[in-house]
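Colleague: I am new to this structure and would like a close look at a single part of it, the largest cavity. What lines the largest cavity, and which residues lie nearest its centre?

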Amino acid sequence: MENKSTSSQLPTALRLGNTVTADKSTIIENFNKHFSTAGHAFHLATPTPVNCPALFTETRPSPHYFSFTQIQIADVLKELQNLDPYKSAGLDNLDPLFLKLSAEIVATPITSLFNLSFVLSEIPKDWKAATVIPLFKGSDTLDPNCYWLTSILPCLSKVFESQVNKKITDHFESHRTFSAMQSGFRVGYGCTSATFKVLNDIITAIDKRQYCAAVFIDLAKAFDSVNHHILIGRLDSLGFSNDCLAWFTNYFSYRVQCVKSEGLLSGPLAVSMGVPQGSILGPTLFSAYINDVALAAGDSLIHLYADNTILYTSGPSLNTVLTNLQTSFYIMQLSFHGLQLLLNASKTKCMLFNRSLPASARLSSITTLDGSDLEYVDIYKYLGVWLDCKLSFQTHIKHLQSKIKSRIGFLYRNKASFTHAAKHTLIN
């Protein structure tokens, strides 16, 4: 059966290091090498700063115990019946349409297999092999950094992970494991709630005629850089049983990926870092990994959404605000450093929110651990919303107007192609 949604056109040539190749077989091998080592950025680019104190790695041991419980046949059956038949199969070529159509027959043995995995603390190796498809995101077609990947895992592994993820997230939410300052991948939370929280804090400070300054922190390849040993330690501190820890240790072991494009398939390469791209568990595990970063904010406020972090503080004195922000940012960097996450200094920006208060034309610098000054900006896109330093939202409104104009133009140009029913739907 033909796989869906996996089309990707390879570039005519690709550069890796100082070498440019036009051979397609070499190109997919180079893509695989690039993607499989994406998480090594911290070790390649971040030496320990001179005179750097001990890394900030504070955690909060949890009194709540977690252990896997049996997965139920009814839950697996429902999961199989809800599979999207248009999704692509993984390297095992087990098509979701087949699983969906045969759900009532295969649900029982599949459930037994899932539960056996808990008993043995072992996951089938085939379920840990990913198909990676490079997609061009713009700029230089020769540069592999200008491509992002979409990862396809075997369908059964995702069904299994969905069941495991539900158990873990139910445990986390029932015991309020996640910080109130974290909104990523949580039921009842999202970009909207995170943005409202941050904007409410900033607007409240402005209404009190206070200065408010923020650092928008950008991490390089954060999901790819997760250190498995540190993550297992995090799960241990969260009360996961030894059997669970053994299962997750196996989950991260012997993972491989292949690049697939234009009918070509690269050889497999090991992936020794990061949470698996395209997985169900990956986002939840990343949230657990960075959760205690919120403890490093000190006198500043912080909000986490996946790998988007904003650190901000306010007060009547501009000098005090910037001093406090620098102190908190310094400790925050140590915390990320302890997690082996690399700060992308060129994309990490500062902003002073201020509508009417006097401010110096040259603000005090906010610096990184290596002494680099962060850039102050007047506009920044945070979780899809363009923020400006006066919170006028004019930039965001202009972007929305442009999008709306473009889409209305598309509808107008193609109006003759729409059926009467389609036109009725658009109007309503």
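Modeller: In this predicted model, 21 residues line the largest cavity, and those nearest its centre are Gln-257, Val-271, Val-275, Pro-276 and Gln-277. Four elements each give two or more residues to this lining: H1, strand S3 (129-136), S4 and strand S6 (256-261). By class, the lining of the largest cavity divides into 11 nonpolar, 7 polar and 3 charged residues. The volume of the largest cavity is about 250 Å³.

One of the contributing elements, H1, can be described further. Helix H1 covers residues 24-36, which makes 13 residues. At 1.5 Å a residue, H1 should span 18 Å, and because its end C-alpha atoms are 18 Å apart, the expected span and the model agree. The buried residues of H1 are Ile-27, Ile-28, Asn-30, Phe-31, Asn-32, His-34, Phe-35 and Ser-36; buried here stands for under 20% relative accessible area.

The search that found this cavity covered the whole structure and gave 2 cavities of 30 Å³ or more. The second largest cavity holds about 50 Å³ of space. Its lining consists of Ile-123, Trp-127, Lys-128, Ser-157, Phe-160, Glu-161, Trp-247, Tyr-251 and Arg-255. Helix H6 (155-174) and helix H9 (242-252) are the elements that give two or more residues to the lining of this second cavity. H6 gives the most, with 3 residues. The classes in the lining of the second largest cavity are 5 nonpolar, 1 polar and 3 charged.

The open spaces are a separate matter. The largest pocket contains about 640 Å³ of space. Its lining is made up of 23 residues, and Lys-137, Leu-219, Ala-220, Lys-221 and Lys-347 lie nearest the centre of the pocket. Strand S4 (147-152), which gives two or more residues to the lining of the largest cavity, also supplies at least two residues of the lining of the largest pocket. Strand S5 (211-220) and strand S14 (379-382) each supply at least two residues of the pocket lining as well. The largest share of that lining comes from S5, with 4 residues. By class, the lining of the largest pocket has 11 nonpolar, 5 polar and 7 charged residues.

Key. Residues are numbered from 1 along each chain as its sequence is written. This is a predicted model: local features need pLDDT of at least 70, side-chain atom pairs count only at pLDDT 80 or more; totals for chains, interfaces and linings use all residues. Side-chain values use heavy atoms; hydrogens and water are left out. On a 1 Å grid over the protein atoms alone, a cavity is a set of points where a 1.4 Å probe fits but cannot get out, and a pocket is an open set with protein on both sides within 12 Å along at least five of seven lines; lining residues have an atom within 4 Å of a point. Grid points are joined across faces, edges and corners, and a volume is the space filled by probe spheres set on the points. Ala, Val, Leu, Ile, Met, Phe, Trp, Tyr, Cys and Pro count as nonpolar, Asp, Glu, Lys and Arg as charged, and the others, Gly among them, as polar. The expected span of a helix is 1.5 Å times one less than its number of residues. Buried means under 20% relative accessible area, exposed over 50%, partly exposed in between (1.4 Å probe, protein chains only).
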